[in-house]
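Visitor: I am new to reading protein structures, and I would like to learn how to look at one step by step. Could you take me through an example?

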Amino acid sequence: MGVLAWDGDTSNVLNTGGNWTTGAAPVSNDAAQFLAAYDGATYAPATSMAALTAVDLDYLYVQEGYTRDIGASGSELDISADRVDHFGSGHLWYKDGAGTTDAFTVCSSHANPSQAVCTITGATITRLAVLRGGVTVTGTVTNIDVGYKTSPSTDSKLTIGSAATVATLTQWGGVVNSSAALTTVSVVGGYLTQSTATITTLRVLGGGRVLYKFGGGTIADCILAAGAILDLSQATGQVTITNLWKHPDARIIGDSPALLSVAVQQRFDYTEVRAA
């Protein structure tokens, strides 16, 4: 594995060897770095790596203190990586054109915690963790974890576009706005808005709140623990829940026949909820 860092000596073209400390552009199994030491380089990395779409890095690392944007809209970083860590404060434009990115973490060092710092388009990612910063996803992600570094309410903001495919979303804090169909969602803390597509399985714990705007869809299984809030007040039509487990201290806003139809009100059992 080769380890190389962007130094921006020659141009803003990412696949030009003279812009990297080794004198060669990244190849598969390399570790490519964007380091704070080169934040003042003559050229920022702005042009796509489209010519290197077969490259599968071991590691892509953006260090805290690196403030420059990497790529641009329409000129995304078009590679794969076993692991991506974005700790900088610039915007990383990422598109996986070589296969699957296994692990992707965003923990921005920008002064504004919700500043947009990452856009992921057309990528296939196994696990994405958003801990600080604003992230937009329009590709395929198997598992998404939304948490926080210091502030549960303001550190992270995730936007899931309508073209995205997401199997599992676990939210520990922050704000999530989703326009995509989601298979399994657990909201432990934070605020989730589901706008234009359904959620198959929804679990909301006491620290979580879900604004469910999509009317006409069916939630197969919905578990609302003590303190959980499911808000249907802005739903565009009737929401159907096939199986509902609702703690007496959970709250459904907009609980009326016009907005909510429950096929089976299940007995709320703590053992069942823990097992789920």
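Guide: We shall go from the whole chain to its strands and then to single residues, keeping in mind that this is a predicted model.

Visitor: What does the secondary structure of the chain come to?

Guide: A good start is to count the regular elements, and here the chain has 1 helix and 22 strands. One can then look at the extent of the C-alpha trace, which spans about 65 × 35 × 30 Å along its principal axes.

Visitor: How many of the residues in the chain are buried, as a percentage?

Guide: Burial is judged from relative accessible area, with under 20% counting as buried. In this chain of 276 residues, buried residues make up 50%. As for the surface, the accessible area of the chain comes to about 10,900 Å², and 51% of that belongs to carbon and sulfur atoms.

Visitor: Why is strand S9 described as largely enclosed?

Guide: For a strand, one asks how many of its residues are buried. Strand S9 covers residues 101-107, and because 5 of its 7 residues are buried, the strand is largely enclosed by the rest of the structure.

Visitor: Which strands pair with S9?

Guide: To answer this, one follows the bridges from strand to strand. Strand S7, residues 83-86, pairs with S9 in the parallel sense over 4 bridges, and Arg83 stands opposite Ala103 in S9. Strand S11, residues 124-137, also runs parallel to S9 and is joined to it by 6 bridges, with Thr105 standing opposite Ala129 in S11.

Visitor: How many disulfides does the structure hold?

Guide: The test is a distance, since a disulfide needs two cysteine sulfur atoms within 2.5 Å. The structure holds 0 disulfides. For Cys107, the closest cysteine sulfur is in Cys118, and because that sulfur is 12 Å away, it is too far for a bond.

Visitor: Is Cys107 buried or exposed, and what about Cys222?

Guide: Cys107 has a relative accessible area of 12%, so this residue is buried. Cys222 counts as buried too, because its relative accessibility is 0%.

Visitor: Where does Asn143 lie, and which residues does it touch?

Guide: One can place a residue in its element first and then look at its contacts. Asn143 lies in strand S12, residues 140-146, and counts as buried because its relative accessibility is 17%. Leaving aside residues up to four places away in sequence, Asn143 touches Thr126, Arg127, Leu128 and Thr168.

Notes: Residues numbered from 1 in each chain as written. Predicted model: local features only at pLDDT ≥ 70, side-chain atom pairs only at ≥ 80, totals over all residues. Heavy atoms only, no water. Buried < 20%, exposed > 50% of the residue type's maximum accessible area, 1.4 Å probe, protein only. Helix = DSSP H or I, 4+ residues; strand = E, 2+ residues; numbered from the N terminus. Pairing = 2+ DSSP bridges. Contact = heavy atoms within 4.5 Å. Areas by Shrake-Rupley, 256 points an atom, 1.4 Å probe, with all protein chains shown as cover.
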